[in-house]
Amino acid sequence: SRWMAPGPAAGAASPQPPKQAVFVIDFGGGSIKVGLAAHPTSCKEVPSFIFKAKGERKVFVGDQIDACKDITTLSLKSPFEKGYILGWDTLTELLERGFSEVKREHKAISIKGSCCICTQPPVTFSTINQTLCRLLFETYEVASVCIVPVPCLTHLSYASKHLQSPAALSNCGVVVDVGFSFTHISPIIDGKVVGPAVVRCTIAGKFLTNYLKELVSYRAWNMMDDYYLINDVKEKLCYCTMDVYEDLKLARLPNKQNPVRREYVLPDGVHTLRGFVKMPSGGAEASKKEPEATKRAGQHEQTLSMNNERFTVPEILFRPSDIGAPQATLAEAVMQSVSRCPAEVHPLLLGSVLVTGGTTRLPGFRERFLQELRPLVPEQYEVNVVHLEKPTLSAWQGGCALAIRGGHTDASVTPKTLAHLPERLKSFYASF
């Protein structure tokens, strides 16, 4: 048949073996992303926690929490401490969950003998990087590992999709990653991180959730043991205001005239399995992932009233002095970072400020950040703040772009060359 592939001709070279599978793993404090570089839609996002419900022996690994009926007073176990991987047994369980989800769709591909592109925060301790490599070599028998700083991949992800953007044309920019554990501001020059100019701030997603938890516990319900639930409240109700004083005035108005106040229906494990936002009109704004049972609370519902907490909690990103935190504002931290770079590249850096990380999904974040940053920048410089389309997946997508370009090959290490890991990592850092 003419549709059949022709056989090899006499003397022709034998067929080439299939290309090595490349896995991309983004180790985020909020979630771990695992997937195949050749299949951009294969990414599986697994929450970076092992959950245990009160009064139950069963534990829920990562996204298995969706099957838990009672999410109140959950205990959480994370492999991360202060943004760094320290709980290796917990990490192994989460990786198993991520790999199994990928294998479910791509059964012919094995992690054994593959290459892994892994992300790490900028300027991570070398012992952590080496331990991660050993884990992948010994537990999963991967052939090679390439560790890349998150800002490099975030910048590459955006530049590879927007070829005419300033970030792509100059290969420079500033990556502002407001993540789970910390906020990192990282200048990028020639596609590489300027290590001495990286600024790390303690206020990020976890800090905001803990602060909201304290406010709610003081003003309303005692929810000090409900981190998972309060984090859901933060993600669904908090926003960044453009004028905090004007919104404070609105928050003082009576209930029906108050445009800020919202009610969050708390889960009780019986009538309401997942919390949802009760709109002022009486309707429910529930997440698409939530089951129908969350919408049938009726007379049994318990509600949490959120008023000025909706914007005063994210406000500490821009005004940390409001709670006595001895650190610079987000805009000041960006300028501190840029000032440590050569003066001739300052316009290029400020012309491509890439905002990423799960916390930046709060409504109004980009607009408020630009409002704070613009007055600090010299008038002759153009400031361009870009909020990435998928801020939690940008580093993972950058890993896919790196694999497609083959940029991971020379920077990878094998079990025999593990001692050269610090030297390979230097290829992602700019030197002056």
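Where is proline 267 found? In this predicted model, look in the loop between β15 (262-266) and β16 (276-278). Despite what you might guess for a loop residue, proline 267 is buried, with a relative accessible area of 7%. Leaving out residues up to four places away in sequence, proline 267 touches Ile71, Thr72 and Leu229, along with Thr272, Leu273, Arg274 and Gly275. For a sense of scale, pick out glycine 113: its C-alpha lies 45 Å from that of proline 267, with the two positions 154 residues apart in sequence.

Now turn to the cores. The largest nonpolar core has 63 residues, and Val176, Ile185, Phe365, Phe369 and Leu373 are the ones that touch the most other members. The helix that gives the most to this core is α9 (residues 330-339), which supplies 6 residues. Zoom in on leucine 373 and you'll find it in contact with Ala331, Val334 and Met335, and also with Val353, Val383 and Val385, once its neighbours within four places in sequence are set aside.

Helix α11 (residues 365-373) is a good place to stay for a moment. How do α9 and α11 cross? Their axes come within 8 Å and cross at roughly 60 degrees, and the two helices are therefore oblique to each other. The crossing of α9 past α11 is right-handed. On the α9 side the contact is made by Leu330, Ala331, Val334 and Met335, and on the α11 side by Phe365, Phe369, Glu372 and Leu373. Two packed helices are described by the angle between their axes and the distance between the axes.

Helix α8 (residues 309-318) also packs against α11: here the axes come within 11 Å, and the crossing is at roughly 40 degrees. That angle makes α8 oblique to α11, and α8 passes α11 in a right-handed crossing. The residues that meet are Glu315, Leu317 and Phe318 from α8, and Phe365, Arg368, Phe369 and Glu372 from α11. How much of α8 is buried? The count is 9 of the 10 residues, so α8 is largely enclosed by the rest of the structure. The buried set includes charged-looking names such as Glu309, Arg310 and Glu315, as well as Phe311, Val313 and Ile316.

There is another core to visit. This second, separate core has 34 residues, among them Ile32, Phe80, Ile85 and Leu94. Take isoleucine 32, which has its place in strand β2 (residues 31-36). Isoleucine 32 is buried, with a relative accessible area of 2%. Not counting residues up to four places away in sequence, isoleucine 32 touches Ile25, Asp26, Phe27, Lys44, Glu45, Val46, Ser48, Leu91 and Leu94. One of these contacts, valine 46, is 14 residues away along the chain from isoleucine 32, and their C-alpha atoms are separated by 5.2 Å.

Last stop: a sheet. Three strands, in the order β5-β4-β6, make up an open sheet with antiparallel pairing. Which strands stand at the edges? They are β5 (59-61) and β6 (75-77), each with a single partner strand, so one side of each is left without a neighbour in the sheet. On average, neighbouring strands here are turned by 25 degrees against each other, direction ignored. Strand β4 (residues 50-52) is joined to β6 by 3 bridges, the two running antiparallel. To find one of the pairs on screen, go to lysine 52, whose bridge partner in β6 is serine 75.

Conventions:
Residues numbered from 1 in each chain as written. Predicted model: local features only at pLDDT ≥ 70, side-chain atom pairs only at ≥ 80, totals over all residues. Heavy atoms only, no water. Core = buried A, V, L, I, M, F, W, Y, C linked by side-chain atoms within 4.5 Å. Buried < 20%, exposed > 50% of the residue type's maximum accessible area, 1.4 Å probe, protein only. Helix = DSSP H or I, 4+ residues; strand = E, 2+ residues; numbered from the N terminus. Contact = heavy atoms within 4.5 Å. Pairing = 2+ DSSP bridges. Axes fitted to C-alpha atoms, helices over the stretch in contact; angles between N-to-C directions. Parallel < 35°, antiparallel > 145°, perpendicular 65-115°, else oblique. Left-handed = near helix turned anticlockwise from the far one by under 90°.
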